[in-house]
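Dear colleague,

Here is the structure I said I would pass on. My notes on it follow below.

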Amino acid sequence: MLVPGHAFFGFYTDADAQRAAYLETTLLGADVPLPSKLPEFAASTEPSRANRASLASFAAALAAGRAHHARVAHKLDGRHRPDYAVIDISSARAFGIQPLDVETQALEVKQSTE
(Lines give C-alpha, C1' and ligand atoms only; values in the text may rest on other atoms or scores of the structure.)
Protein backbone atom coordinates (compact mmCIF):
# COMPACT_ATOMS: atom_id res chain seq x y z
CA MET A 1 0.00 0.00 0.00
CA LEU A 2 1.48 3.32 -1.06
CA VAL A 3 0.28 6.46 0.68
CA PRO A 4 1.82 9.94 0.57
CA GLY A 5 5.33 9.70 2.01
CA HIS A 6 4.98 6.11 3.22
CA ALA A 7 4.20 2.51 2.39
CA PHE A 8 2.90 -0.40 4.42
CA PHE A 9 2.32 -4.06 3.67
CA GLY A 10 -0.95 -5.94 3.14
CA PHE A 11 -1.36 -9.68 2.78
CA TYR A 12 -4.06 -12.33 2.77
CA THR A 13 -4.32 -14.69 5.71
CA ASP A 14 -6.31 -17.35 3.88
CA ALA A 15 -5.95 -19.31 0.66
CA ASP A 16 -9.11 -17.78 -0.85
CA ALA A 17 -7.84 -14.19 -0.46
CA GLN A 18 -10.87 -13.19 1.59
CA ARG A 19 -9.18 -12.14 4.84
CA ALA A 20 -6.55 -9.42 4.68
CA ALA A 21 -4.10 -8.19 7.28
CA TYR A 22 -1.88 -5.13 7.16
CA LEU A 23 1.57 -4.67 8.61
CA GLU A 24 3.41 -1.49 9.55
CA THR A 25 6.91 -2.84 8.99
CA THR A 26 8.60 0.10 10.70
CA LEU A 27 7.45 -1.40 14.01
CA LEU A 28 9.04 -4.80 13.45
CA GLY A 29 11.76 -5.19 16.03
CA ALA A 30 10.57 -2.17 18.01
CA ASP A 31 10.73 -2.27 21.78
CA VAL A 32 7.01 -2.30 22.62
CA PRO A 33 5.07 -3.92 25.46
CA LEU A 34 3.35 -7.24 24.89
CA PRO A 35 -0.41 -6.69 24.55
CA SER A 36 -2.65 -8.13 27.27
CA LYS A 37 -4.37 -10.29 24.66
CA LEU A 38 -2.31 -11.80 21.87
CA PRO A 39 -3.67 -11.49 18.33
CA GLU A 40 -5.26 -14.48 16.65
CA PHE A 41 -2.04 -15.44 14.83
CA ALA A 42 -0.36 -16.14 18.17
CA ALA A 43 -3.28 -17.55 20.14
CA SER A 44 -1.59 -20.93 20.49
CA THR A 45 1.83 -19.45 21.27
CA GLU A 46 2.91 -19.18 24.87
CA PRO A 47 4.90 -15.97 25.39
CA SER A 48 8.37 -16.83 26.62
CA ARG A 49 11.50 -14.87 27.32
CA ALA A 50 12.80 -15.89 23.89
CA ASN A 51 9.77 -14.83 21.83
CA ARG A 52 8.18 -12.04 23.88
CA ALA A 53 9.86 -9.14 22.01
CA SER A 54 9.06 -10.63 18.59
CA LEU A 55 5.43 -11.28 19.50
CA ALA A 56 5.06 -7.77 20.90
CA SER A 57 6.54 -5.96 17.90
CA PHE A 58 4.65 -8.13 15.40
CA ALA A 59 1.37 -7.55 17.26
CA ALA A 60 2.07 -3.79 17.32
CA ALA A 61 2.93 -3.82 13.62
CA LEU A 62 -0.35 -5.61 12.81
CA ALA A 63 -2.40 -3.22 14.94
CA ALA A 64 -0.75 -0.15 13.39
CA GLY A 65 -1.12 -1.57 9.88
CA ARG A 66 -4.81 -2.29 10.45
CA ALA A 67 -5.35 1.25 11.80
CA HIS A 68 -3.43 2.83 8.91
CA HIS A 69 -5.43 0.84 6.37
CA ALA A 70 -8.70 1.83 8.03
CA ARG A 71 -7.74 5.52 7.69
CA VAL A 72 -6.85 5.32 3.97
CA ALA A 73 -8.94 2.43 2.59
CA HIS A 74 -11.44 4.76 0.94
CA LYS A 75 -8.60 6.34 -1.05
CA LEU A 76 -7.24 3.04 -2.35
CA ASP A 77 -9.90 2.99 -5.05
CA GLY A 78 -7.69 3.80 -8.04
CA ARG A 79 -8.95 7.38 -8.37
CA HIS A 80 -6.35 8.89 -6.01
CA ARG A 81 -3.27 7.64 -7.85
CA PRO A 82 -0.35 8.13 -7.71
CA ASP A 83 -0.67 9.34 -4.11
CA TYR A 84 -2.57 6.22 -2.99
CA ALA A 85 -1.99 2.87 -4.63
CA VAL A 86 -2.17 -0.84 -4.03
CA ILE A 87 0.74 -2.62 -5.66
CA ASP A 88 0.44 -6.35 -6.16
CA ILE A 89 3.83 -7.87 -5.39
CA SER A 90 3.52 -10.72 -7.88
CA SER A 91 2.70 -8.20 -10.64
CA ALA A 92 5.67 -6.05 -9.61
CA ARG A 93 7.94 -9.09 -9.71
CA ALA A 94 6.65 -9.91 -13.22
CA PHE A 95 7.83 -6.43 -14.28
CA GLY A 96 11.25 -7.14 -12.80
CA ILE A 97 10.89 -5.06 -9.64
CA GLN A 98 12.85 -6.75 -6.87
CA PRO A 99 13.54 -5.80 -3.25
CA LEU A 100 16.95 -4.54 -2.26
CA ASP A 101 19.00 -7.28 -0.71
CA VAL A 102 19.98 -6.91 2.93
CA GLU A 103 23.68 -6.37 2.16
CA THR A 104 22.90 -3.54 -0.27
CA GLN A 105 20.62 -1.85 2.28
CA ALA A 106 23.23 -2.16 5.04
CA LEU A 107 25.91 -0.67 2.78
CA GLU A 108 23.64 2.24 1.81
CA VAL A 109 22.85 2.98 5.46
CA LYS A 110 26.52 2.82 6.41
CA GLN A 111 27.52 5.15 3.57
CA SER A 112 24.78 7.65 4.41
CA THR A 113 25.92 7.88 8.03
CA GLU A 114 29.60 8.36 7.26
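**Notes on the model**

Read from the N terminus onward, the order of elements is β-β-β-β-α-α-α. That makes four strands and three helices in the protein. Please keep in mind that this is a predicted model.

**Overall figures**

The protein has 114 residues, and 21% of them are buried. About 8400 Å² of surface is exposed, with 55% of that supplied by carbon and sulfur atoms. Among contacts with a separation of 6 or more, 47% are between residues 24 or more positions apart.

**Core**

In soluble globular proteins, nonpolar side chains tend to be buried together. Here, the largest nonpolar core has seven residues: M1, V3, F8, Y22, V72, L76 and Y84. Which residues does V72 contact, once its neighbours within four places in sequence are left aside? They are V3, F8 and Y84, each of which also belongs to the largest nonpolar core.

**Pocket**

The largest pocket holds about 620 Å³ of space. Its lining consists of 25 residues, and those closest to the centre are M1, F9, G10, I87 and I89. M1 is also a member of the largest nonpolar core. Three of the elements, namely β3 (9-12), β4 (20-23) and α2 (89-94), each contribute at least two residues to the lining of the largest pocket.

**Salt bridge**

How many salt bridges does a search of the whole structure find? The search finds one. The partners are R79 and D77, and their closest N and O atoms are 2.7 Å apart. Are the two residues buried or exposed? R79 has a relative accessible area of 70%, so this residue is exposed. D77, at 34% relative accessibility, is partly exposed, because the partly exposed class runs from 20% to 50%.

**A backbone detail**

One residue to look at in the loop between β3 and β4 is A17. Its phi is near 55 degrees, which is a positive value in a residue other than glycine. A17 has a relative accessibility of 35%, so A17 counts as partly exposed. The strands on either side of this loop, β3 and β4, are among the elements that supply residues to the lining of the largest pocket.

Regards

Notes: Residues numbered from 1 in each chain as written. Predicted model: local features only at pLDDT ≥ 70, side-chain atom pairs only at ≥ 80, totals over all residues. Heavy atoms only, no water. Salt bridge = Lys/Arg side-chain N within 4 Å of Asp/Glu carboxyl O. Buried < 20%, exposed > 50% of the residue type's maximum accessible area, 1.4 Å probe, protein only. Core = buried A, V, L, I, M, F, W, Y, C linked by side-chain atoms within 4.5 Å. Contact = heavy atoms within 4.5 Å. Areas by Shrake-Rupley, 256 points an atom, 1.4 Å probe, with all protein chains shown as cover. 1 Å grid on protein atoms, 1.4 Å probe; cavity = no way out; pocket = protein on both sides within 12 Å on 5 of 7 lines; lining within 4 Å. Points joined across faces, edges and corners; volume = space filled by probe spheres on them.
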